[in-house]
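Hi everyone, thanks for having me. I'd like to walk you through one model today, so please take a look at the screen.

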Amino acid sequence: MNDAGRRARWVLGFACLLLPVDIAFAQQGEFVTSERLTLGTERLRSASVRVGDIDGDRDLDVVVASGRHWPQQNQLFINQGRAKFSILRPLGTDQRTSYACEFADFDGDGDLDIATGNDIARGEIFLNDGGGHFTLHGEYGDVTCLSSLLAIDLDLDGDVDLIATCRGRPNRIYLNDGQASFESGSTFGKNTDSTIDVAAGDLNGDGHLDLVLANRDRQPNEVLLGDGKLRFTRSVTFGSGEDHSRSVAIADLNADGNLDWGIANIGSENQIFVGDGSGGVKKRVEFGSRDSKSYVLAIADMNQDKVLDLVVGNLNQPNAVFLRSDNGMSFEEVPFG
């Protein structure tokens with residue numbers, strides 16, 4: 001994935017939990033915002049937010065996927081500089097039951113395109129003209145209960161593919177033909193899984209991408225080890241086996257060369273799993289409250305100290321940034337919102 005794609009994936013995709021998207025880190029260790037930095041209205045049932053430079057002016061714009069189970073209009077917020085989102089554009093003409101949106105250069109022309117994923121409606125691909133105006137390229141996928149999308153070059157052929165999680169149905173891989181048309185590939189996980197989110201990375205150092213699944217409904221979370229042929233048959237479970245997990249993010253948190261991952265939970269602490277380099281877990285670290293209602297988690301260097309931090313979006317609880325001062329697993333919790 002290119003740098004723009006990584007940046008678009010990293011940012012705070014917290015939907016209505018984090019509608020004030022410009023959360024500036026103040027000198028005293030606080031995150032501040034204002035009413036002028038609120039996106040959309042309260043009537044929107046937003047489920048996903050992604051950030052990227054869609055018009056080539058070197059500031060970050062926002063796409064919001066709205067609807068969930070109820071059809072609503074997806075929207076683009078165009079940054080006019082200094083986080084002033086003074087232009088609103090509809091994305092497409094349909095109102096759909098959107099749960100997910102992803103920025104990536106799907107057609108290889110150097111600008112960011114958009115994929116949307118919907119509940120009981122086919123997904124859509126929108127191509128960018130380079131100036132932030134999008135045209136519907138086509139639909140993709142099955143009519144299914146989609147929960148999330150991940151844009152990544154899964155087959156390592158140089159174009160960006162899509163991974164869709166589908167609660168209660170097979171999770172699905174959609175392969176890009178290089179021109180932003182997607183064919184259904186293999187499935188992964190079990191047909192009965194309640195998979196809400198997925199992250200990808202080479203967890204065992206064999207050169208093939210593996211998948212980390214966040215499952216809800218007290219189903220075990222899983223690492224699925226890839227064989228390089230888009231088959232993920234080797235499973236390593238992690239967590240208590242009774243977790244209600246909602247989000248997963250991958251990074252080398254302790255800078256030991258092995259990928260680690262974080263999980264956001266409902267009804268229990270959030271968790272970090274320190275990878276052992278073979279796809280298993282060397283250590284588990286809990287953070288957040290014992291009754292966390294965390295729906296999303298992201299990993300990024302929030303205070304520019306070259307150490308990765310964790311950001312959690314909660315329901316009916318303060319959102320929080322967990323700042324790390326070194327590559328250990330101790331945190332300073334900074335609430336916001």
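Let's begin with C145: why does the sulfur of C145 form no bond with the closest cysteine sulfur? That closest sulfur sits in C166, at 7.7 Å, so the two are too far apart for a bond. For a disulfide, the two sulfur atoms would have to be within 2.5 Å. Keep in mind that this is a predicted model, and the count of disulfides in it comes to zero.

While we're on cysteines, is C145 buried or exposed? Neither, in fact: C145 is partly exposed, because its relative accessibility is 23%. C101, on the other hand, has a relative accessible area of 1%, so we call C101 buried.

Now let's look inside. How many cavities of 30 Å³ or more does the structure hold? Just one, and the largest cavity has a volume of about 50 Å³. Among the residues lining that cavity are G117, N118, R122, D142, T144 and Y174. Taken together, the lining divides into four nonpolar, five polar and two charged residues.

Finally, please find the open sheet of four strands, in the order β15-β16-β17-β18. The pairing here is antiparallel. As a reminder for anyone new to this, strands of a sheet pair through backbone hydrogen bonds. At the edges are β15, residues 195–201, and β18, residues 234–238, each with pairing on one side only. From one strand to the next, the twist averages 20 degrees. Zooming in on one pair, β15 and β16 (residues 210–215) are joined by six bridges, and G201 stands opposite D210 in β16.

Thanks for listening!

Notes: Residues numbered from 1 in each chain as written. Predicted model: local features only at pLDDT ≥ 70, side-chain atom pairs only at ≥ 80, totals over all residues. Heavy atoms only, no water. 1 Å grid on protein atoms, 1.4 Å probe; cavity = no way out; pocket = protein on both sides within 12 Å on 5 of 7 lines; lining within 4 Å. Points joined across faces, edges and corners; volume = space filled by probe spheres on them. Nonpolar A, V, L, I, M, F, W, Y, C, P; charged D, E, K, R; others polar. Pairing = 2+ DSSP bridges. Helix = DSSP H or I, 4+ residues; strand = E, 2+ residues; numbered from the N terminus. Axes fitted to C-alpha atoms, helices over the stretch in contact; angles between N-to-C directions. Buried < 20%, exposed > 50% of the residue type's maximum accessible area, 1.4 Å probe, protein only.
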